[in-house]
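Trainee: I have a new structure open and would like to learn how to read it. Can we go through it step by step?

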Amino acid sequence: MDVIVRPTPSLQGEFGALSSKNYTTRYLLVAALSEGVSTIYHPAHSEDSDAIRRCIADLGAVLTEDDEKIVIQGFGRKPKDVKELNVGNAGAVLRFLMAVAALSPEVTFVNTYPDSLGKRPHDDLIVSLEQLGVKVEHNEGKLPITIRGGKPVGGRITVSGAVSSQFLSALLFLTPLLEEDSEIIVLDDLKSKVVVGQTLEVLEQAGIVVHAADDYMSFKVPGRQAYAAKTYTVQGDYPGSAAILAAAAVTKSDVKVHRLVEQSKQGERAIVDVLRMMEVPLTHKEGTVHVQGNGVLKAVEFDGDAATDAVLAMVAAAVFAEGTSRFYNVENLRYKECDRITDYLAELTRAGANVEERRDEIIVHGMPEGVEGGVTINAHYDHRVIMALSVVGLRARKPLLIKDAHHVAKSYPQYFDHLRALGANVEWVQ
């Protein structure tokens, strides 16, 4: 389905942030890797989190869920022998489960999104799994991928961090279950270090010991560990809330988003700091971000690596700022559901924005007077692109039609409902 976003001068209202997709995925995984019964309160519901629910159930976990919580009986280090897993379009889920599949005799991950996840490379994780004695069949590093494991062996493992930190996280989930101790050495630079911090936080909560170097470039992981069955509570999601906060920033607004804890390890909490740098009137206390936007924003410079999933929303706000903004160290945006630099900036340009790309930078020449709009734009099957483009549509002079906007459900199924509840003029069309 497509969505039409019409100019909207003001937004007003409040609601609780969606539960964190990243934490939900990790809690579901560690619960499945335990041999007891774990409880997760307020898990996220999205295509990604539903994908890992489906896959861990296929692997032998028993899930019982109500409106408040999900209870999981784990399978420990002995997943059920299944021939195929379908992760949908969920890259992190694929990579985490590729590592878990090393404990199984043979699992094939099928390719159901050839134009999105099917184009993404996983070579770096494949190389690392092969160091564990796992055999991998693949299509030049892409789906479909068959893992032939059963008895992975620990030891010294290298992994590149240049494309994604998800490869490292996958190894961190697997190696505690191996018979041998492991040492993981990160090659190249490590992208999205803050997300590795989330993985380590969840591992610690699950009773797993990992000795991490301060720079996260090496790890010592004792083997023969067991995941403890625990109770977890999922915090509110900053990446999804980033677009809502950006929308409030570019309009005249009085918007409150609750369940966004100030001390979160989510790097995307930086959206609050960036909007402050843009001189957007807001407060953040007791887990509530309160934006009282006046539509006036100043240009910023920001290192986007620490807040990867909020950068597109920041860029959308910068489209309407006074001056030129620069978002640097963002090359890893190119390896997401689409190329979030080239593809996203092409659509912004079509909408009338003045933007430039570099290999690892996005340059935005602000247009406080607003953009022209009045065009149909392609979301490239990417939930973050959809949300960010909708922010631009609120302040375009003419409506924007966003193609295939239903793919927002990958992380935030209620996004357009929440935007409409705040007063945004948005409409689904067939």
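Mentor: Start with the terms: helices and strands here are DSSP runs, with at least four residues for a helix and at least two for a strand. Keep in mind that this is a predicted model.

Trainee: How many helices and strands are there in the chain?
Mentor: Both kinds of element occur in the chain. The count is twelve helices and 26 strands.

Trainee: What is the radius of gyration of the chain, and what does the globule rule give for 430 residues?
Mentor: The globule rule gives 22 Å for 430 residues. The chain comes close to that, so it is as compact as a globular protein of that length. Its radius of gyration is 21 Å.

Trainee: What share of the residues of the chain count as buried?
Mentor: Buried means under 20% relative accessible area. Of the 430 residues, the share that passes is 60%.

Trainee: What share of the contacts with a separation of 6 or more comes from residues 24 or more positions apart?
Mentor: Take the contacts in the chain with a separation of 6 or more. Then pick those between residues 24 or more positions apart. They account for 75%.

Trainee: Which residues are buried in helix 4?
Mentor: Helix 4 covers residues 123-131. An α-helix has 3.6 residues a turn, so residues three or four places apart point the same way. The buried residues of helix 4 are Leu125, Ile126, Ser128 and Leu129.

Trainee: What arc do they cover around the axis?
Mentor: The arc puts these residues on the same side of helix 4. Its value is only 165°.

Trainee: What covers the buried residues of helix 4?
Mentor: Both strands and helices take part. The strands include strand 8 (135-139), strand 9 (142-148) and strand 10 (156-160). The helices include helix 3 (91-100) and helix 5 (166-174).

Trainee: Is Leu125 buried or exposed?
Mentor: Leu125 is found in helix 4. Its relative accessible area is 0%. The cut-off is under 20%, so Leu125 is buried.

Trainee: Which residues is Leu125 in contact with, leaving aside its neighbours within four places in sequence?
Mentor: Set those neighbours aside. What remains is Arg95, Met98, Phe167, Ala170 and Leu171.

Trainee: Which residues of helix 10 are buried?
Mentor: Helix 10 covers residues 342-351. Its buried residues span an arc of only 160°, which puts them on the same side of the helix. They are Tyr344, Leu345, Glu347, Leu348 and Ala351.

Trainee: Which residue follows helix 10?
Mentor: Its phi is positive, near 115°. The residue is Gly352.

Technical notes. Residues are numbered from 1 along each chain as its sequence is written. This is a predicted model: local features need pLDDT of at least 70, side-chain atom pairs count only at pLDDT 80 or more; totals for chains, interfaces and linings use all residues. Side-chain values use heavy atoms; hydrogens and water are left out. The radius of gyration is taken over C-alpha atoms; the globule rule is 2.2 Å times the number of residues to the power 0.38. Buried means under 20% relative accessible area, exposed over 50%, partly exposed in between (1.4 Å probe, protein chains only). Contact means heavy atoms within 4.5 Å. The arc is that of the directions from the helix axis to the C-beta atoms.
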